[in-house]
Amino acid sequence: MKKALMVWGGWEGHEPEACIRLFVSHLEFNGFAVEITDDLNVYADSFRMREVDLIVQCVTMGELTASQEAGLLAAVESGTGLAGWHGGLCDSFRNSTDYQFMTGGQFVAHPGDIIEYKVRITKPGDPIMEGLTSFTVESEQYFMHVDPSNEVLATTTFSGKHAPWTGGAEMPVVWRKTWGDGRIFYCSAGHVAADFENFPEVRTIVERGMLWASR
């Protein structure tokens, strides 16, 4: 049986524990034994991390110690998958640039706060996107600094209404990449738990992305 480690914490506004628990049954149905924790020290425990096939993280902001960061990077590099969404993966540890290098992006702004925006599927033939078409969500539209080597599966275009200088900017929403032998999946949508109920495309994408990322 595969093992999934689900890690939550950080800023409560993103409802990290509630979001994490939405996906437990999905992972269990797909053959994972699931462990849930809010203790980042798990990343520094090399013995426990060797047994993990998938890390699902929802920790906005916060800090990693040197040993926690080193353990997490080493686990992914050796083949453990890493998956997450919104600020829980790509606004997690603002002072940890090696972590950002690994995940492939960092949140910097969401002009207009909660707004309606369109997500355009750029690789409809990809298994994560299979059967989905472009869709609209009402949430925070993330403006991000991103790794140009990410494999982008969906994007959004900024209108410039709330920050005129961003008008026409096309920004990745969903991507995947590798770090050593590990796979990383990210989706910038999913601000709070209700978003996964209100926008089923987002939930489907995250569910599929988790399975893709797993060892």
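Here are some friendly notes on the structure above, point by point.

1. **What kind of model this is.** Please keep in mind as you read that this is a predicted model. The chain is built from 8 helices and 11 strands. Its radius of gyration is 16 Å, close to the 17 Å that the globule rule gives for 215 residues, so the chain is as compact as a globular protein of that length.

2. **Overall dimensions.** If you line the chain up along its principal axes, the C-alpha atoms fill a box of roughly 50 × 35 × 30 Å. Among contacts with a separation of 6 or more, 72% join residues 24 or more positions apart. As you turn the model, try following some of these contacts between residues 24 or more positions apart.

3. **Inside and outside.** How much of the chain counts as buried? The share is 56% of the 215 residues. On the outside, the chain exposes about 9200 Å², and carbon and sulfur atoms supply 51% of that area.

4. **Charges.** Count the charged side chains and you will find 16 positive and 29 negative ones. The centres of these two sets lie 6 Å apart.

5. **The largest nonpolar core.** In soluble globular proteins, nonpolar side chains tend to be buried together. Here, the largest nonpolar core has 40 residues. Those touching the most other members are Leu54, Trp85, Val174, Phe185, Val202, Val206 and Met210. Which helix gives the most to this core? That is helix H8, residues 200-213, with 6 residues. Apart from this core lies another, of 29 residues, which includes Tyr43, Ile55, Val59 and Tyr99.

6. **A look at Val202.** Val202 is a good residue to click on, being one of those that touch the most other members of the largest core. Leaving aside neighbours within four places in sequence, Val202 is in contact with Phe135, Val137, Cys187, Ala189, Gly190 and Phe196.

7. **Val119, in a strand.** Val119 sits in strand S6, which covers residues 114-121. Is Val119 buried or exposed? Val119 counts as buried, because its relative accessibility is 1% and buried means under 20%. Beyond its neighbours within four places in sequence, Val119 is in contact with Ser134, Phe135, Val137, Ala154, Thr155 and Val173. Cys19 is 100 residues away from Val119 along the chain, and their C-alpha atoms are separated by 21 Å.

8. **Two positive phi angles.** His86 has a phi near 45°, a positive value in a residue other than glycine. Asp113 is another residue to check, with a positive phi near 60°. His86 is found in helix H5, residues 86-90, whereas Asp113 lies in the loop between strand S5 (105-109) and S6. His86 counts as buried at 1% relative accessibility, while Asp113 is partly exposed, with a relative accessible area of 45%.

9. **Glu63, in a loop.** Where is Glu63? You will find Glu63 in the loop between strand S3 (54-60) and helix H4 (66-77). Glu63 is exposed, since its relative accessible area is 61% and exposed means over 50%. Even so exposed a residue has partners to look for: leaving aside neighbours within four places in sequence, Glu63 is in contact with Leu40, Gln68, Phe93 and Asn95. Glu63 and Gln106 are 43 residues apart in sequence, and their C-alpha atoms are 14 Å apart in space.

Terms used
Residues are numbered from 1 along each chain as its sequence is written. This is a predicted model: local features need pLDDT of at least 70, side-chain atom pairs count only at pLDDT 80 or more; totals for chains, interfaces and linings use all residues. Side-chain values use heavy atoms; hydrogens and water are left out. Helices (H or I, at least four residues) and strands (E, at least two) are DSSP runs, numbered from the N terminus. The radius of gyration is taken over C-alpha atoms; the globule rule is 2.2 Å times the number of residues to the power 0.38. Buried means under 20% relative accessible area, exposed over 50%, partly exposed in between (1.4 Å probe, protein chains only). Contact means heavy atoms within 4.5 Å. Accessible areas come from the Shrake-Rupley method with a 1.4 Å probe; for residues, only the protein chains shown count as cover. Lys and Arg count as positive and Asp and Glu as negative; His and the chain ends are not counted. The place of a charge is taken as NZ of Lys, CZ of Arg, CG of Asp or CD of Glu. A nonpolar core is a set of buried Ala, Val, Leu, Ile, Met, Phe, Trp, Tyr and Cys residues joined through side-chain atoms within 4.5 Å.
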